[in-house]
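Student: I would like to learn how to read sheets and ring pairs in a model. Where do we begin?

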Amino acid sequence: MFFLHVVNYLTLENINKSYGEKVLFADLNLTIAKGQKIALIAKNGTGKTTLLRIIGLEEAPEGEKAKILVNKDIKIGYLKQDPFFNPEYTVLEAALDSENKKIRAIKDLELATLLGNAEKIQAAVEVTDDLKAWDIEARIKEILGKLKIHDLSQKINTLSGGQKKRVSLAKILIEEPDFLILDEPTNHLDIDMIEWLETFLSAQNVTVFMVTHDRYFLERVCNEIVELERGELHVYRGNYSDYLEKKSLKVQNDKVNLDKHKKLYKKELGWIRKQPKARGTKAKSRVDNFDEIKTKAHQNLNDDDLTMEIDMARLGGKILELHSLKKAYGDTNIVDSFSYKFKKGERVGLAGSNGTGKTTFIKLLTKEIEPDGGKVIVGDTVVFGHYTQDNKGLNESHRVIDAIREIADYIPLAKGRKMTAEALLETFLFPRSQQQVYVSELSGGEKRRLHLLRILIKNPNFLILDEPTNDLDIITLNVLEDFLTHYKGCLLVTSHDRYFMDKLVDHLFVLEGNGQVKDFNGTYSEYKIAQRESKYAATAEAAKSTSKATTAPAIPQEPEKRKLSYNEKKELENIEGDIEKMEKRKKEIEALFMDSSMSGDQVSELSKEMGEIEKNIEEKENRWLELSEFA
């Protein structure tokens with residue numbers, strides 16, 4: 001008989017944590033073993049970051065029995081929300097600040113190269129040769145390149161928070177730790193970087209514990225999800241699809257149990273009221289249990305979907321028109337001669353790599369900045385709701401409820417009904433008790449959620465959301481998505497959350513750089529498929545052109561390349577069609593994932609099929625590249 005040897009990396013026992021009277025968790029236990037890729041899900045403000053800091057040994061738990069057991073033979077890498085570097089370091093010095101001899105050798109080589117010192121370059125090359133560190137250099141350059149860290153001589157103190165986060169992520173990945181702790185690793189990454197990172201982490205033999213709101217990332221990287229809910233941890237084996245299925249079953253079971261507790265509470269309450277003050281031992285025991293029954297009977301399990309129909313201001317025939325729009329900053333061209341007329345109910349996504357000017361484009365639409373050429377015409381009936389990334393207008397000394405009431409006391413619903421400021425806050429996961437706390441006491445994610453509600457209660461009919469998903473937890477995102485699904489006005493969204501974009505928009509403006517804006521009719525996933533197909537087509541055309549150019553008679557100067565056999569030619573011809581079919585099926589499955597009526601078995605089967613398809617596409621692409629070399 002064979003036994004599977006499990007290597008534990010970290011164990012938490014009887015972990016407690018509270019701030020004042022607020023208990024985040026009590027007697028919490030968790031074990032993380034080698035090979036696990038775990039995601040932590042929780043509402044903002046319930047202790048997610050605190051638990052991450054405890055696991056990363058940055059914060060001590062409370063309680064005499066609390067224990068944190070860490071495997072001494074492993075190396076840990078911890079990506080924080082706000083990483084710290086020596087401000088006088090260059091990007092190169094920060095990214096390669098390591099005790100690893102090979103990494104230090106490459107750092108010395110790169111520094112010598114930047115300085116152009118031939119003597120130091122030669123010495124560094126010899127050290128790199130002795131340590132056989134050239135494979136490390138290739139990995140370092142790949143990681144820095146994929147995270148778009150190019151100016152290695154730039155000082156750390158000149159970087160934005162997002163750039164520092166990318167340098168920190170690069171540093172951790174370069175060091176190849178055994179155990180990665182990642183706090184929102186996809187924040188401040190553009191979609192190309194996110195897709196590279198999920199492929200990188202999936203392929204690496206590394207153990208991961210992370211917090212992220214990116215559900216495609218969860219789906220493709222994680223094999224286990226733990227949810228921190230009401231101070232307790234609930235473990236769900238599998239990826240995000242498996243979590244949704246198992247969570248749904250748990251919610252149904254909890255509702256059945258809650259119903260039982262309510263009936264028992266009603267019965268016991270009747271008994272308590274009938275009983276005289278003098279009671280026997282058995283009666284006293286029953287009274288002591290009454291408080292526990294009462295607590296269970298009054299649990300709030302209200303995580304239902306949001307179904308409120310906003311009665312927004314009427315939109316006229318003329319909404320928003322862009323005529324030959326132009327904008328540039330120095331040599332950077334943001335938009336060049338772009339025209340478009342928005343129609344009622346349009347749901348547009350704004351896509352593009354970091355630095356292409358998405359925020360600038362939005363400010364042109366709202367007339368916060370003036371174009372260099374062309375016109376922006378806003379209809380008389382348009383009421384913009386512009387959500388920005390800076391929590392603009394939030395007063396830290398206000399209470400949560402007052403932060404909403406200073407905008408409006410209620411939001412109008414269909415058929416003359418109203419939703420009060422208190423009810424709106426509750427809908428977006430601010431219970432009545434939390435509405436009385438000061439804004440300064442909220443977590444970063446809670447402040448962003450409150451900022452969003454200040455926009456929504458203005459009842460805009462043209463909603464513009466600039467990165468609304470940053471720092472929002474998955475539970476809040478589900479509520480927001482449901483609200484926006486029922487929203488009847490115009491919607492313009494820019495987000496690095498591919499799941500969020502695919503679910504809400506069916507049309508894209510893609511900022512491709514150098515002022516070019518592509519008007520694409522489809523979702524982000526459909527755009528990526530089209531982009532990949534275009535790339536294949538261009539490569540195939542280039543291969544054909546090269547083939548034609550080399551058919552002229554000439555005396556070969558070097559040994560002739562191997563030619564494809566008849567069967568290999570046939571295989572090459574069929575590969576593109578095979579990839580196209582698989583991409584089509586992949587697109588169909590992604591659409592099916594949006595259907596909430598699917599059973600757990602169906603979701604599980606589709607997840608397996610999706611995994612097989614992605615694996616087969618990669619194999620076909622590699623084979624195509626291999627054969628096209630000899631075509």
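Tutor: With a term: contact means heavy atoms within 4.5 Å. This is a predicted model. Helix H1 (residues 48-55) lies across E3, E5, strand E6 (179-183), E7, strand E8 (224-229) and E9.

Student: At about what angle does helix H1 run to E6?

Tutor: Angles run from 0 to 180 degrees between N-to-C directions. Helix H1 runs at about 155 degrees to E6.

Student: What is the strand order in the sheet that holds E6?

Tutor: In general, strands of a sheet pair through backbone hydrogen bonds, either parallel or antiparallel. Here six strands form an open sheet with mixed pairing, in the order E5-E6-E7-E3-E8-E9. Strand E5 (76-79) and strand E9 (232-237) are the edge strands, each pairing on one side only. From one strand to the next, the twist averages 15 degrees.

Student: How many bridges join strand E3 to strand E7?

Tutor: Three bridges join strand E3 (residues 37-41) to strand E7 (residues 207-211), and the two run parallel. Within this pairing, Ile38 stands opposite Phe209 in E7.

Student: Which strands form the edges of the sheet with the order E14-E17-E18-E12-E19-E20?

Tutor: That open sheet has six strands and mixed pairing. Its edge strands are strand E14 (384-387) and strand E20 (516-520), each paired on one side only. The twist averages 15 degrees from one strand to the next. Inside the order, strand E12 (residues 347-351) runs parallel to E19, joined to it by four bridges. Val348 has His507 in E19 as its bridge partner. Helix H14 (residues 444-456) lies across E14 and strand E17 (462-466), and runs at about 170 degrees to E14.

Student: How many aromatic pairs are there?

Tutor: Ring centres must lie within 6.5 Å, and planes over 60 degrees apart count as edge-to-face. By this rule there are 18 aromatic pairs. One of them is Phe361 with Phe509, edge-to-face at 6.1 Å centre to centre and 70 degrees between the planes. This pair links distant parts of the chain: Phe361 is in helix H11 (residues 358-365) and Phe509 in strand E19 (residues 507-513), 148 residues apart.

Student: Is Phe361 buried or exposed?

Tutor: Phe361 has a relative accessible area of 0%, so it is buried. Phe509 also counts as buried, at 0% relative accessibility. Ring pairs link both into a cluster with Phe338, Tyr340, Phe342, Phe384 and Phe462.

Student: Which charged end sits over the ring of Phe430?

Tutor: The charged end of Arg449 does, 4.5 Å from the ring centre. Arg220 lies over the face of Tyr216, 4.7 Å from the ring centre.

Key. Residues numbered from 1 in each chain as written. Predicted model: local features only at pLDDT ≥ 70, side-chain atom pairs only at ≥ 80, totals over all residues. Heavy atoms only, no water. Phe/Tyr/Trp six-rings, centres within 6.5 Å; stacked < 30°, edge-to-face > 60°. Buried < 20%, exposed > 50% of the residue type's maximum accessible area, 1.4 Å probe, protein only. Lys NZ or Arg CZ within 6 Å of the ring centre and 35° of its normal. Pairing = 2+ DSSP bridges.
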